[in-house]
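The exercises below are meant to be worked through with the sequence and the three-dimensional structure at hand. Try each task before reading its solution.

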Amino acid sequence: MSDKEIILTQDGLKKLEEELENLKSVKRREVAERIKVAIGYGDISENSEYEDAKNEQAFIEGRVITLEKMLRNARIINNDDIDTETVSIGSTVTVEDLEYGDTMEYAIVGSAESDPLQNKISNESPVGKAILGKKRGTVVDVSVPAGIIQYKIVDIKK
């Protein structure tokens, strides 16, 4: 069984690589030092500092494995590959809510770098799925828990 392909922009790749490097070079050392200090307190069977440090160590190692796997299975979207005629991963899209007239701008990214608070939405999200592959001027229906929202694609850029 093959691993799922992870789609990343150049920025997303850089952030994952920086996080991995920080975990390996900084966080591992910090936790090792915490464990060493906690062992110095004596009996580790009832030592909460030791237990906390070991739990953090396990989390860090799990995250390192996850990041390495993501980077191994990454497909990078180059800026030159982004089409400004149709919505694709890497596009920045301006949509208009036809009911309220509000406009929003979203960057379409892979699920690994999705961050709705930064207006980076996944190609697998309801809005992302609805607008992917569509052209400027197209009206799409987005199914959300509250019902159906209609968006018009106003602009597509890199």
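**Exercise 1.** What covers the buried residues of helix 1?

*Solution.* The structure is a predicted model in which local features need pLDDT of at least 70 and side-chain atom pairs count only at pLDDT 80 or more, while totals for chains, interfaces and linings use all residues. Residues are numbered from 1 along each chain as its sequence is written, and side-chain values use heavy atoms, with hydrogens and water left out.

Begin with the elements, where helices (H or I, at least four residues) and strands (E, at least two) are DSSP runs numbered from the N terminus. Next, list the buried residues, taking buried as under 20% relative accessible area, exposed as over 50% and partly exposed as in between (1.4 Å probe, protein chains only). In helix 1 these are Gly-12, Leu-13, Leu-16, Leu-20, Leu-23, Val-31, Ile-35 and Ala-38. Finally, look for their cover, with contact meaning heavy atoms within 4.5 Å: it includes strand 1 (6-9), helix 2 (48-72) and strand 2 (74-77).

**Exercise 2.** Compare the expected and actual spans of helix 1 and helix 2, and examine the course of helix 1.

*Solution.* The expected span of a helix is 1.5 Å times one less than its number of residues. For the 31 residues of helix 1 (residues 10-40) this gives 45 Å, which agrees with the 44 Å between its end C-alpha atoms. For the 25 residues of helix 2 the expected span is 36 Å, and the end C-alpha atoms are 36 Å apart, again in agreement.

Helix 1 nevertheless bends by about 40 degrees at Leu-23, the bend being the angle between axes fitted to the seven residues ending there and the seven starting there. After helix 1 comes Gly-42, with a positive phi near 110 degrees.

**Exercise 3.** How do helix 1 and helix 2 pack, roughly parallel or roughly antiparallel?

*Solution.* Two packed helices are described by the angle between their axes and the distance between the axes. Axes are lines fitted to C-alpha atoms, for helices over the stretch in contact, and angles run from 0 to 180 degrees between N-to-C directions. Here the angle is about 160 degrees and the axes of helix 1 and helix 2 lie 9 Å apart. Angles under 35 degrees count as roughly parallel, over 145 as roughly antiparallel, 65 to 115 as roughly perpendicular and the rest as oblique; helix 1 and helix 2 are therefore roughly antiparallel to each other.

**Exercise 4.** Place Met-70 in its surroundings.

*Solution.* Met-70 is found in helix 2, whose buried residues are Tyr-50, Ala-53, Ile-60, Val-64, Leu-67 and Met-70. Met-70 counts as buried because its relative accessibility is 13%. Leaving aside neighbours within four places in sequence, Met-70 is in contact with Ile-6, Leu-16 and Ala-112. The cover of the buried residues of helix 2 includes strand 1, helix 1 and strand 2.

**Exercise 5.** Describe three loop residues, Ser-88, Asn-119 and Pro-145.

*Solution.* Ser-88 lies in the loop between strand 2 and strand 3 (92-97). Ser-88 and Ile-108 are 20 residues apart in sequence and 7.0 Å apart in space, C-alpha to C-alpha; beyond neighbours within four places in sequence, Ser-88 is in contact with Ile-82, Asp-83, Ile-108 and Leu-132.

Asn-119, in the loop between strand 4 (103-109) and strand 5 (120-122), has a positive phi of about 60 degrees although it is not a glycine, and at 38% relative accessibility Asn-119 counts as partly exposed.

Pro-145, in the loop between strand 6 (139-144) and strand 7 (147-157), counts as exposed at 93% relative accessibility.
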